[in-house]
Each structure stands twice: as structure tokens, then as C-alpha cells.
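Let's work through a few exercises together, one step at a time. Have the sequence and the 3D view ready, and try each task before you read its solution.

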Amino acid sequence: MPRPVPLHQHASYGAALTLFGRQTLQLDVPPGTTAIRRHLPGGIPVTMLPRAYLPRAALRDLAGAGTLRGAVILAPDHPAPYLADFGAVPVMTPQWVAELALTDPDTMMAAMHQKWRNRLRHGLKQPLRITRRSMPEDAGHWLFRAEETMRTRRGYRGWPTGMTLAFNRANPGAAKLFTAHLGKHEAAAVLILRHGATASYHIAQSSDLGRAHSAPAVLLWAAAEYCAGKGHVRLDLGPIDTRNAPGLARFKLGSGAVPRPLGGTWLWLPRLGRLLSPLAVLDRRAMAPLA
């Protein structure tokens, strides 16, 4: 089975970026790697490789190809402390993501933590009506408004609404909106982006009423069952932050998802070769995931 590709390295993401007006570059090492090109003030080119698969051989080939000019921001999808050997300097320690294996309902149910399973069973007994539809082309949709309000209040960042709508237009039917209704009220919703063998948990919001009826658990369960039925093997629930968002981290991991470390963020200036390697070695231990 092919290696599941994260959203940021799937062709659907590249298509959305292009529609959103961003310049992308397809690299051959590894084949199909998506890079994003931008320019800093003064015209300095910057190339970003988000969630890229970057084994040693790929870095060696990229360093020798000479196709990357200016600064390169490397954000590998896996721990890669060896980037220091190529002169890359760490600028941000690794995030962890939660990944839910999509199999049959019994296996997924058995993988849940007991409290989460109890919450799901509670929600399934509630008078919730769950609907599924393709995301409407509506920048004023209540889910987007609620997400922007929460980002402002909690100080975190995410995709601009326009980028989500661009993904929707570039990949018809790939953005699925699951909504929990209580009577005439929309109590909670989750937006799932489908891409190849993987799907991603993109945006989710719930009212107090929805949480009281365990709507978030019911929606995640509905999305997982749907994606498994469509042949996806993994649902990427996104970053987990046990310090700043412990409740959300518990919710994601309680579903049966498994935490996995990414590779952090690195600054690489290929033309300087290994000149900056001594700086990188100082932080190498911090860029390796804890056992």
C-alpha cells in the first residue's frame, strides 16, 4: 500500500494553492514534493516545504541540484535531526499530530478510551440529526465565522477562509461538512478534507448545547465511518498541544488516535553548504522526539 500522504503534500493542496494565488513548485526529490515559493521584502526568495518526506538521500539530491534559491524552510513530516548535517538550522521544535487509523467500526470503537466511548454512546442516544454535504461556497457560513471568532479569542492561526474555499473549488466533493442538528439549531459541525488515502480534520466548532449532547464525538465518529467506507486509511486530526489546549488534545487522543512527532521547522541556505552546521548541532537534541 502506498505511504499515506499528508494534506500539505497532496496534489489537491497544490491545486488549492494555485487557485488561491500562491506560487508552487513541484520537486523531483522525492518525486511529487510540493514547495511553496514566496518573496520577503527586498525580493529575497523563500521556498517552503511543508510536511515533506525528506530522507537523507532527498536532502543530498536537493543540495546538489541547485534548484532552490535563497532561503529554504524545511518542515519534514517525520523526525529528521540529520538535517543539521546539511547545514540546516532548527527554528521551531517538533509538533505532534494525532492520527486515527480507519478500519472497521468494531476495531475503531475498541481503540477508544473508555470515557470517550461512553461520551460517544451518550451522544448516539441524543436527539441529534447528523447531515453530510459538500461544503457550500459561502465565506459567511456560520462555521467559518465561529472559527474566526475562536482564533481571535485563543490566538491561534489556521487557513484563511479563502484558502478553504479554494480547496473546495479545486477539488469538488473533497470537502465534506458534517453537521449535528438539534431541532432547528445547528449545534456543532466538522469539516473534513479528503485527499488520497488520507483525510484531514480541518475545522470543527460546537455550541455549549452541542457539547452537552456529546455532538463533537458523534460527528467525529460519523466522519471516521464515512471516510473508512470511502477507502481512506487514516484520519489526520492535526496538532496536539497538551500545554495550551489540553482539552482538545484529550478529545483527539481519546478517539483512539495515536500521537506521532513531526520534524520541526528548519532554516536552510543551500548555497552556504554546511557553514551553519555548528549552530544546528547545538540544538540537535531538541529536534529529536522524546521517546
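**Exercise 1. In what order do the strands of the open sheet lie, and which are its edge strands?**

Step 1. The open sheet has seven strands, in the order β7-β8-β9-β10-β11-β6-β12, and their pairing is mixed. Strands here are DSSP runs of E with at least two residues, helices are runs of H or I with at least four, and both are numbered from the N terminus. Two strands pair if DSSP finds at least two bridges between them.

Step 2. The edge strands, each pairing on one side only, are β7 (129-134) and β12 (258-261).

Step 3. On average, neighbouring strands of this sheet are turned by 30 degrees against each other, direction ignored. Axes are lines fitted to C-alpha atoms (for helices, over the stretch in contact), and angles between N-to-C directions run from 0 to 180 degrees.

Before going on, a note on the model: it is predicted, so local features need pLDDT of at least 70 and side-chain atom pairs count only at pLDDT 80 or more, while totals for chains, interfaces and linings use all residues. Residues are numbered from 1 along each chain as its sequence is written, and side-chain values use heavy atoms, leaving out hydrogens and water.

**Exercise 2. Find how β6 and β11 are joined, then look at the helices that lie across the strands.**

Step 1. Strand β6 (residues 96-101) and strand β11 (residues 234-240) run antiparallel and are joined by five bridges. In this pairing, W96 stands opposite I240 in β11.

Step 2. Helix α5 (residues 142-154) lies across β8, β9 (185-195) and β10 (198-206), and runs at about 80 degrees to β10. Contact means heavy atoms within 4.5 Å.

Step 3. Helix α8 lies across β6, β7, β8, β9, β10 and β11, at about 145 degrees to β8.

**Exercise 3. How many salt bridges are there, and which parts does the pair R51 and D236 tie together?**

Step 1. The whole structure holds nine salt bridges, each a side-chain nitrogen of Lys or Arg within 4 Å of a carboxyl oxygen of Asp or Glu.

Step 2. In the salt bridge between R51 and D236, the closest N and O atoms are 3.3 Å apart. R51 lies in strand β3 (residues 44-52) and D236 in strand β11, so this pair ties together parts 185 residues apart in sequence.

Step 3. Both R51 and D236 are buried (buried is under 20% relative accessible area, exposed over 50%, partly exposed in between, with a 1.4 Å probe and protein chains only). R51, D77, E99, R234, D236 and R260 are linked in a network of salt bridges.

Step 4. Now try E137 and R169, whose closest N and O atoms are 2.6 Å apart in their salt bridge. E137 lies in the loop between β7 and α5, and R169 in helix α6 (residues 161-170), so parts 32 residues apart in sequence are tied together. E137 is partly exposed at 46%, and R169 is partly exposed at 42%.

**Exercise 4. How many aromatic pairs are there, and how is the pair W159 and F167 arranged?**

Step 1. Rings of Phe, Tyr and Trp (its six-membered ring) pair if their centres lie within 6.5 Å; planes under 30 degrees apart are stacked, over 60 edge-to-face, and the rest tilted. By this rule there are four aromatic pairs.

Step 2. W159 and F167 make a tilted pair, 6.3 Å centre to centre with 55 degrees between the planes. W159 is buried at 15% relative accessible area, and F167 is buried at 0%.

Step 3. Together, Y13, W159 and F167 form one aromatic cluster.
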